[in-house]
Amino acid sequence: MRKDIRYSCYPFMREKGSLVDYEIRTDSLTTRVGAILPMLNTDEACKDVYEDLQVIQPLCYHLNGSVRGKLAISEEDLQWLSSRYDYYVEEVGEVIKQFLLPQGSEVGSLLHICRSEAKKSYRALHKVSEERDVPEILFDYLGLLANVFFVMAVYSNQKHEVKEIPFISKSYPTKKKRKEEIR
């Protein structure tokens with residue numbers, strides 16, 4: 001291997017364990033969030049999403065280093081993210097009580113990609129946890145983050161007047177509503 005730094009894209013790339021895969025996944029997540037920000041910079045309808053993503057993006061990089069290095073996700077970070085989840089859930093209403101196709105406005109679609117990236121990061125973190133101890137708060141944060149991206153996507157679609165499309169699975173049966181729920 002060459003010693004010149006220009007030939008190295010990441011110093012841990014040749015490690016055998018799963019940690020480097022997790023770090024690459026969270027790097028991808030951070031990059032995806034960054035790709036949305038310019039679109040929202042002048043979008044008054046989604047100013048709150050823009051402001052929240054500005055907080056979330058560096059936290060994604062903190063997720064990245066929190067296994068190899070010092071834990072950089074705090075209980076305050078988790079509580080803040082939880083409050084943002086509650087905000088968007090209240091804004092979008094009942095539409096999120098069904099499975100929705102990941103589509104919509106350009107911003108909404110990119111937020112769905114971020115949701116998927118957060119889930120991939122969670123799965124990569126699980127693989128790391130099979131090899132070493134991982135703080136539980138990282139799982140909590142990533143799981144919640146995926147859900148925040150989902151409700152942000154639906155919210156962004158609503159703000160851009162894009163109708164959600166429910167997905168009806170042919171693989172899994174739908175639950176029948178109880179009589180009390182039908183009324």
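These are my notebook entries on the fold, the aromatic pairs and the largest pocket of a predicted model.

**Ground rules.** I number residues from 1 along each chain as its sequence is written, and I work with side-chain values that use heavy atoms, leaving out hydrogens and water. As the model is predicted, I take local features at pLDDT of at least 70 and side-chain atom pairs at pLDDT 80 or more, whereas totals for chains, interfaces and linings use all residues.

**Fold.** I looked up the secondary structure and found 6 helices and 0 strands, taken as DSSP runs numbered from the N terminus (helices H or I, at least four residues; strands E, at least two). Of the 183 residues in the protein, 38% are buried, where buried means under 20% relative accessible area, exposed over 50% and partly exposed in between, with a 1.4 Å probe and protein chains only. I then turned to contacts (heavy atoms within 4.5 Å), and noted that among those with a separation of 6 or more, 80% join residues 24 or more positions apart.

**Aromatic pairs.** I count 4 aromatic pairs in the structure, using rings of Phe, Tyr and Trp (its six-membered ring) with centres within 6.5 Å, and calling planes under 30 degrees apart stacked, over 60 edge-to-face and the rest tilted. The rings of Tyr87 and Tyr88 have centres 4.9 Å apart and planes at 75°, so I enter this pair as edge-to-face. Tyr87 pairs with Tyr155 as well, and because their planes stand at 55°, with the centres 6.2 Å apart, that pair is tilted. The second pair links distant parts of the chain, since Tyr87 belongs to helix α3 (residues 75-92) and Tyr155 to helix α5, 68 residues apart. Ring pairs thus link Tyr87, Tyr88 and Tyr155 into a cluster. In this cluster I find Tyr88 buried at 0% relative accessibility and Tyr155 buried at 3%, while Tyr87, at 27%, is partly exposed.

**Largest pocket.** I looked up the largest pocket, which has a volume of about 350 Å³. A pocket here is an open set of points on a 1 Å grid over the protein atoms alone, where a 1.4 Å probe fits, with protein on both sides within 12 Å along at least five of seven lines, and lining residues have an atom within 4 Å of a point. The lining has 13 residues, with Gln98, Phe99, Leu100, Arg115 and Phe150 nearest the centre. The elements giving two or more residues to this lining are α4 (106-129) and α5 (136-159).

How values were computed:
Grid points are joined across faces, edges and corners, and a volume is the space filled by probe spheres set on the points.
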